[in-house]
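This report describes how the helices of one protein chain pack together and where selected residues lie within that packing.

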Amino acid sequence: MPASIPSPSQGVWYLGPFPLRAYALAILLGIVAAVILTRRRWVERGGIADDVLEIVFWAVPFGIVGGRIYHVISSPDKYFGAGGHPWKAFAIWEGGLGIWGAIALGGVGAWIGCRRQGVRLPAFADAVAPGLLVAQAIGRLGNWFNQELFGGSTTLPWGLQIDDAHLPAGYPSGTLFHPTFLYELVWNLAAAAVLIWLDRRFKLGHGRVFALYVMLYTSGRLWIELMRIDPAHTIGGFRLNVWTSIVVGLGALVAFVVVSRRHHDRETTLLRDPPAAQGDEETAPEPTR
C-alpha cells in the first residue's frame, strides 16, 4: 500500500528462557510515566512526593487484578466456553485488562494507601487523573504489538496492516483496518493536556479533575468502541463497553455538578485530619502536606 501503518513483526523477545513481552513493557512504562507526572502534580498541590509511591504500591496491584477480573467476566467464552481454557484466565501476559475493573479496584487500593498516608482520596485522585490518561495511552501500544482490538476495514492512508496470522475471518490478506489503538492513544494524551490546563486555570479540587477525567475518557472510548470489530458481548445491539462508557460517563457528570455546587475552589489541606486552627504551636503537627 502507498501509505499505511505496519504492525510490529513480533511482540515477544527472549533473554535466554525469559520472555520480554511488549504488552507488559507498555503497561510498566505507562505506570512509570503516570507516577512521575503524579509526583510532580502532588508536590505542586503541597503534598509529599514519597506519598505517591506509597499509594501506588497499593493501587497498582489492585488495579491489575481488577482489570483482569473485568476482562474475564466480560469475555468469558474464551476461558469458560466451549473449547475454552480456564487456566488462561490467569495468563495476563497474553493480554486482556479491562480499564473499568482496573479503575474500580485500583481505586480501592488507592483508598487504602491514602488512609495509611493520612491524605484525602479526592485530592490524590485529582493529582493522578492526567497520569492515568498518559498510562492508558502508552498501554495501548501493547495492543499494537499484539495486533488486536483494531477497528473495521478502511482505505484511509493511516490504515493498520495486520498479518495473516491475526487477520479476522472473512477479510482478505492485505486488508487495512482502523488503528483504534492509535486513536485512543492520541485522544488520551490530548485529554491529559486538557485536564492539566483546566486544573491550572480554574484550581479544581475535591475530586472534580478525576470526574473530568472519567467524562473525557468515556466520551472518547464511546466512539472508538463503536469502531472495533473484535468479539464482544452486546446488549441491545451495542457492545457492553459502549453501555459502560455511557453509564460511567453520565455518573461522572452528575458527580462533577454536585461537587461543584458544594465546593467552588481547591482544598486548603491534603490531610484527612488537618490540625486544629488554634493550639500549642510546639505540639501542633505540620499544617500542610
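Helix axes are taken here as lines fitted to C-alpha atoms over the stretch in contact, and the angles between them run from 0 to 180 degrees between N-to-C directions. The model under discussion is predicted. Two packed helices are described by the angle between their axes and the distance between the axes.

**Helix α7 and its contact with α1**

The axes of α1 and α7 approach within 13 Å and cross at roughly 5°. Because angles under 35 degrees count as roughly parallel, α1 is roughly parallel to α7. The contact is formed by L37, R40, R41 and E44 of α1, which meet I196, D199 and R200 of α7. By class, the residues of this contact of α1 with α7 comprise two nonpolar, no polar and five charged.

Helix α7 itself covers residues 180-202, 23 residues in number. From its first C-alpha to its last, α7 reaches 32 Å, close to the 33 Å expected at 1.5 Å a residue. Its buried residues are T180, F181, Y183, E184, L185, N188, A191, A192, L195, I196, L198 and D199. I196 and D199 are thus both buried and part of the contact with α1. Besides α1 (22-44), the buried residues of α7 pack against α5 (121-139), α6 (141-146), β3 (160-161) and α8 (208-225). Just after α7, K203 takes a positive phi of about 50°.

**Helices α4 and α8**

How do the axes of α4 and α8 cross? Helix α4 (residues 99-117) and α8 have axes that come within 13 Å and cross at roughly 170°. Since angles over 145 degrees count as roughly antiparallel, α4 is roughly antiparallel to α8. On the α4 side, I99, W100 and I103 take part, and they meet F210, Y213, Y217, T218 and R221 in α8. This contact of α4 with α8 has six nonpolar, one polar and one charged residues.

**Nonpolar cores**

The largest nonpolar core has 21 residues, and those with the most contacts inside it are L133, L195, L212, Y213 and Y217. At least two residues of this core come from each of α4, α5, α7, α8 and α9 (240-262). The largest share, seven residues, is supplied by α8.

Y217 links several of these themes. It is named both among the residues with the most contacts inside the core and in the contact of α8 with α4. Leaving aside residues up to four places away in sequence, Y217 touches I99, W100, L133, Q136, R140, E184, W187 and N188. A second, separate core has 14 residues, including W42, V119, F124 and A127.

**Contacts involving helix α9**

Which residues does S245 touch, not counting residues up to four places away in sequence? S245, in helix α9, touches W100, T218, R221 and L222. Of these, W100, T218 and R221 are also named in the contact of α4 with α8. S245 is buried, with a relative accessible area of 3%.

M215 lies in helix α8 and, by the same kind of count, touches G249, A252, L253 and F256. M215 and G249 are 34 residues apart in sequence, yet their C-alpha atoms are 4.9 Å apart in space. With a relative accessible area of 18%, M215 counts as buried, because the cut-off for that class is under 20%.

V254 is found in helix α9. At 52% relative accessibility V254 counts as exposed, because that class begins over 50%. The C-alpha atoms of V254 and A211 are separated by 9.0 Å, although the two residues are 43 apart along the chain.

**Positive phi angles in the loop between α6 and β3**

Most residues other than glycine have a negative phi, and most peptide bonds are trans. Two residues in the loop between α6 and β3 have positive values, as tabulated below.

| Residue | Location | Phi | Relative accessible area |
|---|---|---|---|
| Q147 | loop between α6 and β3 | near 55° | 6%, buried |
| L149 | loop between α6 and β3 | about 60° | 23%, partly exposed |

Neither Q147 nor L149 is a glycine. Q147 is buried, whereas L149 is partly exposed.

Notes: Residues are numbered from 1 along each chain as its sequence is written. This is a predicted model: local features need pLDDT of at least 70, side-chain atom pairs count only at pLDDT 80 or more; totals for chains, interfaces and linings use all residues. Side-chain values use heavy atoms; hydrogens and water are left out. Helices (H or I, at least four residues) and strands (E, at least two) are DSSP runs, numbered from the N terminus. The expected span of a helix is 1.5 Å times one less than its number of residues. Buried means under 20% relative accessible area, exposed over 50%, partly exposed in between (1.4 Å probe, protein chains only). Contact means heavy atoms within 4.5 Å. Angles under 35 degrees count as roughly parallel, over 145 as roughly antiparallel, 65 to 115 as roughly perpendicular and the rest as oblique. Ala, Val, Leu, Ile, Met, Phe, Trp, Tyr, Cys and Pro count as nonpolar, Asp, Glu, Lys and Arg as charged, and the others, Gly among them, as polar. A nonpolar core is a set of buried Ala, Val, Leu, Ile, Met, Phe, Trp, Tyr and Cys residues joined through side-chain atoms within 4.5 Å.
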